[in-house]
Amino acid sequence: MLIADAHCDSMLDVIRGVRHLYTASSKGHVDFPRLREAGVKIQVFALFIESIYKPNGALKRALQMISAFFDEVEAADGLVEHITTTSQLEKVLLDPKAVGAILSIEGGEALEGDIRVLDCLYRLGVRSIGLTWNQRNQIADGVGERDTKGGLTRFGKEVVKRMNELGMLIDLAHISENGFWDVINLSSKPVIVSHANCQSVFMHPRNLSNQQILALKETKGLMGITYAPEYVSEKPSLDALIKHIDHVCQLTGCADLVCLGSDFDGTNPMIPGLEEVTKVPALIKKLEKLGYKTQDIEKLMGENLIKILKATL
Ligand SMILES: [Zn+2]
């Protein structure tokens with residue numbers, strides 16, 4: 001079964017000199033050989049901009065990480081392909097051995113308030129941007145600033161329009177709720193919330209309300225269910241995670257809205273049962289046991305993410 005994942009932070013280990021991704025490691029959650037072993041066909045690699053690089057130095061940090069990512073892909077010697085176009089995506093999907101990597105930036109600070117920088121990052125192969133992390137930035141307020149009720153700035157509106165034009169996937173994980181609605185109303189293309197769960201299953205400001213989930217349905221968007229324990233439950237487990245998947249499917253009456261958004265290497269430890277990427281197929285078995293239809297499991301394990309990428313790139 002085709003598996004695709006909308007969010008991991010594994011490049012953090014590389015840029016911090018902890019390990020490489022081109023070779024299998026006993027450390028961390030994801031590397032290229034383990035992606036292949038797990039049957040993950042498409043992985044979105046987010047480049048997380050740490051707070052010490054904000055606001056000054058965010059672009060330099062993003063460029064360092066992009067360069068490090070290219071080094072990893074080159075050293076992998078064909079094991080992973082950096083995907084920037086739909087035709088590349090289709091080629092990887094047809095090749096049983098290939099693994100595709102999509103480059104994303106987690107933190108719009110990397111634009112340093114300049115739309116030309118966005119164009120340049122696109123030319124470097126970046127195909128998605130998480131507009132904010134938890135703080136306020138030049139684009140919008142993050143979820144940590146939600147009390148001030150701020151949404152998109154004027155520059156943020158420019159960024160949304162330009163990302164639509166260029167064919168970049170807008171990622172609304174971590175944005176304030178007002179920012180979420182501003183983008184939903186403005187974007188001409190479907191958006192993703194790459195790693196978040198459901199507020200009505202487990203209350204957390206990073207999780208989505210039912211209205212937000214229904215708005216994603218309306219706009220053909222997508223949410224990546226995350227295994228990061230703090231968004232799952234007070235007692236995180238595989239069963240608790242599946243409650244979030246169940247909720248989205250029941251609320252929307254379909255399996256079209258959910259994809260995987262692990263947050264591997266973004267937090268540690270992960271929920272029991274999904275400790276690292278080679279455990280992910282266990283989720284398929286669990287869903288089968290619970291009586292999910294094969295067609296629906298295929299959608300949420302990978303097809304839904306592939307579909308939005310094809311619609312965007
Ligand atoms: Zn995150």
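This is a short selection tour of strands and helices in a predicted model.

**Stop 1: β1 and β2**

Select residues 3–8, strand β1. Color them by burial. Six of the six residues are buried, so β1 is largely enclosed by the rest of the structure.

Add residues 40–48, strand β2. β1 and β2 pair in the parallel sense, over four bridges. To find one contact, pick Ile3: its bridge partner in β2 is Val40.

**Stop 2: β8**

Go to residues 222–225, strand β8. Show side chains. Which residues point the same way as Leu222? Gly224 does, while Met223 and Ile225 point the other way. Buried or exposed? Leu222, Met223, Gly224 and Ile225 are all buried.

**Stop 3: from β7 to β8**

Keep β8 on screen and select residues 192–193, strand β7. The pairing of β7 with β8 is parallel and runs over two bridges. Pick Ile192 and look across to β8: Leu222 is its bridge partner there.

Now add residues 210–218, helix α8. Together, β7, α8 and β8 form a right-handed β-α-β unit.

**Stop 4: from β8 to β9**

Select residues 258–260, strand β9. How many bridges link β8 and β9? Three, with the strands paired in the parallel sense. Label Met223 in β8, then Val258 in β9; the two stand opposite each other.

Trace the connection next. The chain leaves β8, passes through helix α9 (residues 238–252) and arrives at β9. This β-α-β crossover is right-handed.

**Last view**

Display β7, β8 and β9 together. β8 pairs in the parallel sense with β7 and also with β9.

Terms used:
Residues are numbered from 1 along each chain as its sequence is written. This is a predicted model: local features need pLDDT of at least 70, side-chain atom pairs count only at pLDDT 80 or more; totals for chains, interfaces and linings use all residues. A residue is buried if 20 or more other C-beta atoms lie within 10 Å of its own, exposed if 12 or fewer, and partly exposed in between; C-beta atoms are placed from the backbone. Two strands pair if DSSP finds at least two bridges between them. A crossover is right-handed if, with the strands pointing away from the viewer, the path from the first strand over the helix to the second runs clockwise.
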